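User: I should like to learn how to read the features of a protein model. Could you please guide me through this one?

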Amino acid sequence: QNVIIQSSSFYYLYFEGSRGTSFNGDIAVDDLSFYGCGGALPPNFGNQTCWVFQSKCGSGECIYNQWFCDGKYDCIDGSDENNCPTLGPTPTPCPVSSPGSFLSDRSCDFETDLCTWTNDQGDDLEWSRDSGGTSSFDTGPSVDHTFGTARGFYIFIETSVPAASGNVANLMSPYFKTAGEACMVSFAYHMYGSAIGSLEVVVQYKDTSKGEKVVGP
């Protein structure tokens, strides 16, 4: 799922997962990425040592090996889709404005922790990391989006008792500002079960109590 946000004021995002009418319906999210959002890269960017399951882009960052030639630009400079076999239409580049616009400090694959994202302390439920399926029977994903294996992690909301119908869990980003640039947020999600709830993505502006729902029913 891709979402375009354009704002000249400070704001943060939050993912709101809502429980359905019973435990049989989990919601999971994985691979949050930000492009063209006006953020600065960390000082050691380009000097990273890639893991054995990663390779380095022409622009210096490490990405997972399976992201090369997958029909989607993941490197800032688009080098992951260079010199690929012609298997279909040329992918559309992400709307990055310049090198350095990939917000690595906001992006998260949840393999280690929640990164810079936090659970809202004023809601009903929590977003939690998990792998290989959830405890509610026949609901959560059996594999993650990053690796496509049962060993990879994602985040989900647990809908078993004591969770009740309509309870919500909010995952919040830090504040950031795009200075009027178009910012693209990309994420993967999984929603399955006979009593599935809802998933919303909301932009909350600092100078107002009003939020803008950009994904959801």
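Analyst: The following dialogue takes several features in turn. Please bear in mind that the model is predicted.

User: Let us begin with the interior. Which residues have the most contacts inside the largest nonpolar core?

Analyst: In soluble globular proteins, nonpolar side chains tend to be buried together. In this model the largest nonpolar core has 29 residues, and Leu13, Phe15, Trp127 and Phe187 have the most contacts inside it. Several strands each supply at least two residues of this core: β1 (2-6), β2 (11-18), β3 (26-35), β8 (154-157), β9 (168-172), β10 (182-192) and β11 (198-205). There is also a second, separate core of five residues, with Cys57, Ile63, Tyr64 and Cys75 among them.

User: How should I read a sheet, and in what order do the strands of this one come?

Analyst: One follows the strands from one edge to the other. Here five strands form an open sheet, in the order β6-β9-β2-β11-β12, with antiparallel pairing. The edge strands, β6 (118-119) and β12 (211-215), each pair on one side only.

User: How many bridges join β6 to β9?

Analyst: Two bridges join these antiparallel strands. To locate the pairing on the model, one may look at Thr118, which stands opposite Met172 in β9.

User: I turn now to the cysteines. How many disulfides does the structure hold?

Analyst: A disulfide is a covalent bond between the sulfur atoms of two cysteines. The structure holds two disulfides. One is formed by Cys69 and Cys84, with their sulfur atoms 2.0 Å apart. These two cysteines are 15 residues apart, and both lie in the loop between β5 (62-64) and β6. The other disulfide joins Cys108 to Cys115, with an S to S distance of 2.1 Å.

User: Why is the disulfide of Cys69 and Cys84 called left-handed?

Analyst: The torsion about its S-S bond is about -80°, so the disulfide of Cys69 and Cys84 is left-handed. For Cys108 and Cys115 the corresponding torsion is about 75°, so that disulfide is right-handed.

User: Is Cys108 buried or exposed?

Analyst: The cut-off for buried is under 20% relative accessible area. Cys108 has a value of 5% and is therefore buried. Its partner Cys115, at 38%, counts as partly exposed. In the other disulfide, Cys69 is partly exposed at 39%, and Cys84 is partly exposed at 23%.

User: May we now study one residue in its surroundings? I have chosen Thr146. Where is Thr146 found?

Analyst: Thr146 is found in the loop between β7 (127-130) and β8. Its relative accessible area is 1%, so Thr146 is buried. The side chains of Thr146 and Asp31 are joined by a polar contact of 2.5 Å. Apart from residues up to four places away in sequence, Thr146 touches Asp30, Asp31, Tyr64, Gln66, Trp67, Asp109 and Glu111. One of these, Tyr64, is also part of the second core.

User: Finally, which residues are in contact with Gly193, leaving aside its neighbours within four places in sequence?

Analyst: They are Asn24 and Gly25. Gly193 lies in the loop between β10 and β11, and at 25% relative accessibility it counts as partly exposed. Although Gly193 and Gly25 are 168 residues apart along the chain, their C-alpha atoms are separated by 3.9 Å.

Note on methods. Residues are numbered from 1 along each chain as its sequence is written. This is a predicted model: local features need pLDDT of at least 70, side-chain atom pairs count only at pLDDT 80 or more; totals for chains, interfaces and linings use all residues. Side-chain values use heavy atoms; hydrogens and water are left out. A nonpolar core is a set of buried Ala, Val, Leu, Ile, Met, Phe, Trp, Tyr and Cys residues joined through side-chain atoms within 4.5 Å. Buried means under 20% relative accessible area, exposed over 50%, partly exposed in between (1.4 Å probe, protein chains only). Helices (H or I, at least four residues) and strands (E, at least two) are DSSP runs, numbered from the N terminus. A polar contact is a pair of N or O atoms within 3.5 Å; within protein, one must be able to donate a hydrogen and the other to accept it, and residues adjacent in sequence count only if both atoms are side-chain atoms. Contact means heavy atoms within 4.5 Å. Two strands pair if DSSP finds at least two bridges between them. A disulfide is a pair of cysteine sulfur atoms within 2.5 Å.
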